[in-house]
Amino acid sequence: MKENFADKKEQKEPKIKVVGIGQTGQLVTDYLVGQLENVEIFSLQCDKEFLENSKLDNEHKVLMGENITKGLGTGGNPKLGEQIAHSSENVIRKVLQGADTVIIVSGYSGGLGSGVTPFLTKIAKEMETLSIVFAVMPAKHEGQRKNNIAREKLQILVEEKNTDAILNVSREKFLENMEDKQCTLMDAFDETNKGIVKSIKNIVDIFQKGLISVDYDSIKNFFENSGFIGIGFSEKTTDIDKAIKETLDYTMLKGSFNYAKNLILNIKCGENISFVTIHEISSRILENFDENAEVLLGCRAEDGFSPDEVQIVLVTA
């Protein structure tokens, strides 16, 4: 039997829900179908036709504001999104009911995501539900007006202080970092969505499986009222140097090196990984951050990993 470095103490598994708002949120939740265990996934949408194409079952497709938009979109109007949010309070509360943590994915280039998200996180706080928001910002080619509105609405989300943790997801940075410069626009947007999906899966994994000698409350405290966070991770590999570089270079981690005061470092590995290797990985990752940063360290032998494989997940706050 494999030795598992993680604390074996039995803990209550937190109830996690993922909520995609608007078209961007729905595209991400569609990718997540079948990829998460014991997690409820919802799509909140005012565009009836778009919602009908969601891969979620009907119970988790939530049509909002039909009396306001007649089943159409918001036309990129955040004020209309806010109106829909307030008219759908009971619907939002029903979606959040029973959740310990809600992970929200919202496109900030349209009206519904930026309009509904602040109201949803306000209700989540009232219901004592931890909220983590992936705010997907528009690329430059989407126009200055959309970018200005997105920055303004993101600032409001921060200032209202109802959202525990915010990941500022830059489509522009994903586009800049793509190796295939000849790909289609949809392929480029898919790259961002897939990055969000992997990030959500890694965060859910930390909540569900825990870290060495660290209980759920400590992990929750890390995210609670943390403000902007970053995340980086590697794919499975036997190349330690590659794993460290992938993690530190990841698009959603860049920019957090200067402000991060709290870190979660989770190392998933094969059963033959030595303590020296784990020590080397953690030391080389942590040397990039404030030496006084608080660190939650996890290491866990994983089924499906070859004996010498590792995967690194790093969350900064």
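**Cores and overall fold of a predicted chain**

The chain has 12 helices and 11 strands, counted as DSSP runs from the N terminus (H or I over at least four residues; E over at least two). This is a predicted model, in which local features need pLDDT of at least 70, side-chain atom pairs count only at pLDDT 80 or more, and totals for chains, interfaces and linings use all residues. Residues are numbered from 1 along each chain, and side-chain values use heavy atoms, without hydrogens and water.

Visitor: How do you know what confidence the chain has?
Guide: pLDDT is the predictor's confidence in each residue, from 0 to 100. Its mean over the chain is 91, and 96% of the residues reach 70 or more. Over residues 1-9, pLDDT stays under 50.

Visitor: What makes the chain agree with a compact globule?
Guide: The rule is 2.2 Å times the number of residues to the power 0.38, with the radius of gyration taken over C-alpha atoms. For 317 residues a compact globule would have a radius near 20 Å; the chain has 19 Å, so the two agree.

Visitor: Why is the set with I132 and F134 called a nonpolar core?
Guide: The term covers buried Ala, Val, Leu, Ile, Met, Phe, Trp, Tyr and Cys residues joined through side-chain atoms within 4.5 Å, where buried means under 20% relative accessible area (1.4 Å probe, protein chains only). The largest such set has 41 residues, and I132, F134, I200 and F223 have the most contacts inside it. Helix α9 (residues 185-209) gives the largest share, 7 residues. A second, separate core of 28 residues includes V62, L96, I123 and A124.

Methods
Buried < 20%, exposed > 50% of the residue type's maximum accessible area, 1.4 Å probe, protein only. Contact = heavy atoms within 4.5 Å.
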